[in-house]
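Subject: Structure handover

Hello,

Here is the structure we talked about, with the sequence alongside. My notes follow below it.

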Amino acid sequence: MEILKMLGGRYSGSKRPASWLAVTVLTYIGSPAYAEGDAAAGKTVFANQCASCHTIEAGKNGFGPSLAAVFGRKAGTLPDYKYSPALAQSGLTWDEKTLDVFLNGPAYSPATRTLYVAAVDWCGTFTKSDQPPQFVANAHYYGGAVTPDPREQARGWLQAIDATTGTMRWRRQWPTPLVGGITVTSGGVLFTGDLNNDFLAIDASNGKTLYHFNTGGTIGGGVISYEIGGKQYVATTSGVVSGFFGGSGTSAIIIFSLPSAP
Ligand code: HEC
């Protein structure tokens, strides 16, 4: 089977190291534990990817809860924010490990210097209002009203980007937003999943689907590969339901392994 040949060793994909969040947050409480370069990078990532929904000011929630002093905090516990039951009852404490798993990220292959990014493509109609709404720093501000297109029209993209030049090596449109993690192996296989419940093994060189498996629930969490006793496994989450992206199924972790060598 093609996938078997391509598997090889794995990289720690599905990683957006939590250290940058720690850096971002710690920067504001003045911890000397991280280099300034990291802090600057963390700040940029936060501004680009999180600030539309989160502030780092205590007591100021946006669409998401305030992330002030989030490091070391119990998940889902700000009294003035209405969390999903899943987060409120998760029992998690935010540290480097739990944040790494919670924040699904892109994957990077050092062998081919390619960054694999799953994305969401969801349009909406923006309407200017006569009376502009009140501006609140760091909260969503559209200058009027926004009506998102129906969720069924939302799409995803799976993209392979040359990390040295920034050019797109290949990109594939997906019938659903892609919100799960991605992991890539040194043998050139990409693992991810979609909101149509499919776990996917993809040829990292061209984006072709090599294998898919209906897990019975939406995939929107982490995807990892690991080895125990010389045998390689791939684990994914299924049944990740969100108020924003929808979804279905029962929370489950699904683990795949390769048949043992004869
Ligand atoms: C589209 C809006 C949106 C974006 C963008 C976003 N978040 Fe969130 N975030 C949320 C929502 C909504 C929740 C609450 C989820 C719940 O209740 O289940 C949340 C919860 C969290 C929590 C848990 C906080 C707590 O009090 O337990 C953390 C940590 C977090 N987000 C970090 C981030 C980081 C870091 C980024 C940027 C990489 C980010 N988020 C981007 C909407 C967003």
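Val 189 stands opposite Asp 203 in strand S9. That pair belongs to the antiparallel pairing of S8 and S9, which runs over five bridges. Please keep in mind that this is a predicted model.

Strand S8 and its neighbours

S8 covers residues 189–193, and five of its five residues are buried. The burial applies to both faces: Val 189, Phe 191 and Gly 193 lie on one side, Leu 190 and Thr 192 on the other. That division follows a common pattern, because in a regular strand the side chains alternate between the two faces of the sheet.

On its other pairing, S8 is joined by two bridges to strand S7 (residues 183–184), and the two run antiparallel. Here Thr 183 stands opposite Phe 191. S7 and S8 make a hairpin with four residues between them, and Gly 188 in the turn has a positive phi of about 90 degrees.

S8 and S9 also form a hairpin, again with four residues in between; in this turn Asn 197 has a positive phi of about 80 degrees. S9 then pairs with S10 in the antiparallel sense, over five bridges, and Phe 199 has Phe 213 in S10 as its bridge partner. These two strands form a hairpin with five residues between them, where Gly 207 in the turn has a positive phi of about 85 degrees.

Gly 217

Gly 217 sits in the loop between strand S10 (209–214) and S11. Is Gly 217 buried or exposed? Gly 217 has 21 other C-beta atoms within 10 Å, and 20 or more count as buried, so it is buried. Leaving out residues up to four places away in sequence, Gly 217 touches Asn 197, Ser 238, Gly 239, Ser 248, Gly 249, Thr 250 and Ala 252. Of these contacts, Asn 197 is the residue with positive phi in the turn between S8 and S9. Ser 248 is 31 residues from Gly 217 in sequence, but their C-alpha atoms are 5.4 Å apart in space.

The three-stranded sheet

S11, S12 and S13 form an open sheet in that order, with antiparallel pairing. S11 (223–228) and S13 (252–257) stand at the edges with a single partner strand each, so one side of each is left without a neighbour in the sheet. On average, neighbouring strands of this sheet are turned by 25 degrees against each other, direction ignored. S12 (residues 231–238) is joined to S13 by six bridges, and one bridge there has Ala 235 partnered with Ile 255 in S13.

The ligand

Which residues are closest to the ligand? They are Cys 50, Cys 53, Gly 64, Ser 84 and Leu 87, out of 20 residues that surround it. By class, this shell has 14 nonpolar and six polar residues, and no charged ones.

Confidence

The protein averages a pLDDT of 81, and 81% of the residues score at least 70. Confidence is highest in strand S9 (residues 198–203), at a mean of 97, and lowest in helix H1 (residues 2–7), at 38. Over residues 1–37 the pLDDT is below 50, although this stretch has 82 contacts in the model beyond near neighbours in sequence.

Regards

Definitions and conventions. Residues numbered from 1 in each chain as written. Near = placed C-beta within 6 Å. Nonpolar A, V, L, I, M, F, W, Y, C, P; charged D, E, K, R; others polar. pLDDT = per-residue confidence, 0-100. Contact = placed C-beta atoms within 7 Å. Buried ≥ 20, exposed ≤ 12 C-beta atoms within 10 Å, placed from the backbone. Pairing = 2+ DSSP bridges. Axes fitted to C-alpha atoms, helices over the stretch in contact; angles between N-to-C directions.
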